[in-house]
Amino acid sequence: MKLKTYQQKELLDVIEGLSAVYDKVRLVEPEECREVKLNPDGTLSEGAPCFCAWNSSQRCVNCSSLRACRSLQKVEKNETFRDNQYHVMSVPVLVQLPDEEDPVRFVVECINRAQGVERMNLDGYGHHQSTAPDTDENGVQVNTGNALYDPLTGLKNWDGFYRSVRERMQAEPDQEWVIIVYDIMHFKMVNEIFGVSKGDEVLCRIGALIRSKIGPGEECARLESDRFSVLIRKEHFGDTFSISASREIPDLIDSPLFHVHIQAGVYFVRDKSLPVFAMCDRAKIALSMIKNKTHLKVSIFDEDLMRTIRHEQYVISEFERALKDGEFRMYLQPQVEKDGRVIGCEALARWVTPDGKIIPPGDFIGILERSELIVRLDRYIWDQAVKTLAAWSGTPMENLYISINISPKDFYYLDVFTYLEGLIEQYKVPRAKLKLEITESVVMRDALKQLALVNRLHEQGYDIEIDDFGKGYSSLSLLKDISADTIKIDKEFLRETDNDVKSEGILCSVLDLSERLNMRVITEGVETSKQLEKLIRLGCHTFQGYYFARPMSTDWFEEMFQECEGILTGTDVTVNGDSV
Ligand code: C2E
Ligand code: CA
Ligand code: CA
């Protein structure tokens, strides 16, 4: 469920409005089990532990606010207090605090005495009373027990940890703190291979090790299954942090095949008014960045990391909507012969937001590739490309081709062959006008199968281009196995380096090789006349680069093509007036 995000002032108004209807309305932070107050000046102050309101000595195990917070749904329950029945409604909300980039999750609790009874007497509210049992929705007594410790390791559990952290921070307000969350890598495998009792033993020994490392006034806990956490003083950080590199850890299991590895996510507490769970979340976010990277032991949360994650989440969550709303556009960048004659173009995606901002592919292609959404985008761009080719029939652009990018994921999640054939059939476009740009990574995995597919596309009449040649691990042996028509030399080759002689040598060899293999060569990233002259001298005939034109919308491309009558004259790219 998507929660509404309130500005602080807005939520204060809502609480005030609700107070006219309910006997008591309060804002709570259920993970820490405490009431919070939003002050009009933007600060946050802590109220009493919430369980006091219900006359119990610790957290109500049927806490509706905790359930609301976890399920992101409104939760209601009945509660008994001084022999009276109350109705509690817990509504999760997000609140944008002035100094925080991300909204923080709280719960609004609305409490009413059960119907037909006079207004709730709030005398006992907020004060610790003698214990009385909690009841569940059906009025059944539930055990409030000592729920602050983990019975397996004897360490505190998350509930105990959150509360102790709060207490420590209050007790020493000038102290700087660090929260670390530890995760045991592949812990499931320990249970599966060595059995649950071995798994329990590992957890206990790690728990004991962590406990042995923390100093007076510091805290440790087992948050959940194989996750531990500590609150330590900043100056103590170096020592405790060493847990994940501790020599004892890998030997916890006596097996040559399996070593225990621990990773740590670290959050240097910047804002002590944040709910403790939000602090732990930051440490967990840092941890998630190194998940499955066995060689990395520690990851420290910082704002850049947060921005990256926030951006990634934005792209993934907005993608479907943006695609549906037509925010993704196909841009075209001309490909020209050495005399400036435009012979075709490359289709490149752009994300144009409703406020006119253009998000470049570097900011979303990688994310979409990791999440497999790239397939949806590529299909859309390919559709646009084929439609455009069809629309150009009978116009001055009739002889141009369009190169489309094919991501490795397309080969895994899509029947590329059938899909392209469907487009060709639908729009009646000659296959040779649609060039397919693939990178070597397409055929890296499952090489035989992918090579067969690429070769089949080639036999069918599509032009195959090997993109980004020279970037990464291009192997010359690939050229022997793949039926490709064109090599696209990466712009990296044009970068001026200390090793110009060497890169010119490689460029010459690639051009020579392509000639022997009867392949066409395009060099991309041409920005200056100097680069162009050199490339022509070395024997390259086709170019793509800012020197001739940047990628542009289809309308603009068509206008440009007609205006220049298909011949572009280049201009050196300049930065602050200087030629680059
Ligand atoms: P690419 O396929 O290597 O595309 C060429 C990139 O070089 C484009 O970046 C283009 O704008 C840029 N470029 C061209 N001439 C110059 C130049 O003279 N100087 C410089 N500095 N750059 C130049 P762009 O449009 O930002 O695209 C980046 C990458 O994103 C593309 O690299 C491609 O890998 C990927 N991409 C873009 N659109 C799509 C798409 O629809 N599908 C897939 N799968 N990938 C796409
Ligand atoms: Ca490309
Ligand atoms: Ca390229």
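**Ligand 1 and the two calcium ions**

Of the 22 residues around ligand 1, those that come nearest are Arg350, Asp378, Lys491, Glu527 and Tyr546. Before I go on, please keep in mind that what you see above is a predicted model, and I will describe ligand 1 before turning to the ions.

If we ask what kinds of residues form the shell around ligand 1, they divide into nine nonpolar, five polar and eight charged. Three elements of the fold, namely β16 (342-352), α10 (374-392) and β20 (463-469), each supply at least two residues of that shell, and β16 gives the most, with four residues.

Let me now go through some polar contacts. An N or O atom in the side chain of Asp378 lies 2.6 Å from a nitrogen atom of ligand 1, while an oxygen atom of ligand 1 is 3.1 Å from a polar side-chain atom of Asn405. With Val526 the backbone is involved, as one of its polar backbone atoms is 3.4 Å from an oxygen atom of ligand 1. As for how much of the ligand is covered, ligand 1 taken alone exposes 800 Å², and the protein buries 84% of that. The space that ligand 1 takes is the largest pocket.

Let us turn to the calcium ions. Which residues hold the calcium ion that is ligand 2? Its protein donors are Glu346 through OE, Asn405 through OD1, Glu437 through OE and Asp467 through OD, and they lie 2.1 to 2.3 Å from the ion. You have met Asn405 already, as the residue whose side chain has a polar atom 3.1 Å from an oxygen atom of ligand 1. Along the chain, the donors of ligand 2 follow the spacing E-x58-N-x31-E-x29-D. Glu437 is in strand β19 (residues 434-438) and Asp467 is in strand β20, so this pair ties together parts that are 30 residues apart in sequence.

For the calcium ion that is ligand 3, the protein donors are Asp467 (OD), Asp468 (OD) and Glu524 (OE), at 1.9 to 2.4 Å from the ion, and in sequence these donor residues are spaced D-D-x55-E. Here, too, distant parts of the chain are linked by a pair, with Asp467 in strand β20 and Glu524 in strand β22 (residues 520-524), 57 residues apart.

Where, then, do the two ion sites meet? Asp467 bridges the calcium ions, ligand 2 and ligand 3, which lie 4.0 Å apart. When you look at the structure yourselves, Asp467 may be a helpful place to start, as it is listed among the donors of ligand 2 and among those of ligand 3.

Methods:
Residues are numbered from 1 along each chain as its sequence is written. Chains are lettered from A and ligands numbered from 1 in the order in which they are written. This is a predicted model: local features need pLDDT of at least 70, side-chain atom pairs count only at pLDDT 80 or more; totals for chains, interfaces and linings use all residues. Side-chain values use heavy atoms; hydrogens and water are left out. A residue is near a molecule or strand if one of its heavy atoms lies within 4 Å of it. A polar contact is a pair of N or O atoms within 3.5 Å; within protein, one must be able to donate a hydrogen and the other to accept it, and residues adjacent in sequence count only if both atoms are side-chain atoms. Accessible areas come from the Shrake-Rupley method with a 1.4 Å probe; for residues, only the protein chains shown count as cover. On a 1 Å grid over the protein atoms alone, a cavity is a set of points where a 1.4 Å probe fits but cannot get out, and a pocket is an open set with protein on both sides within 12 Å along at least five of seven lines; lining residues have an atom within 4 Å of a point. A molecule sits in a cavity or pocket if more than half of its atoms lie within 2 Å of its grid points. Ala, Val, Leu, Ile, Met, Phe, Trp, Tyr, Cys and Pro count as nonpolar, Asp, Glu, Lys and Arg as charged, and the others, Gly among them, as polar. Donors are N, O and S atoms within 2.8 Å of the metal (3.2 Å for Na, K and Ca); water is not among the atoms, so sites may look incomplete.
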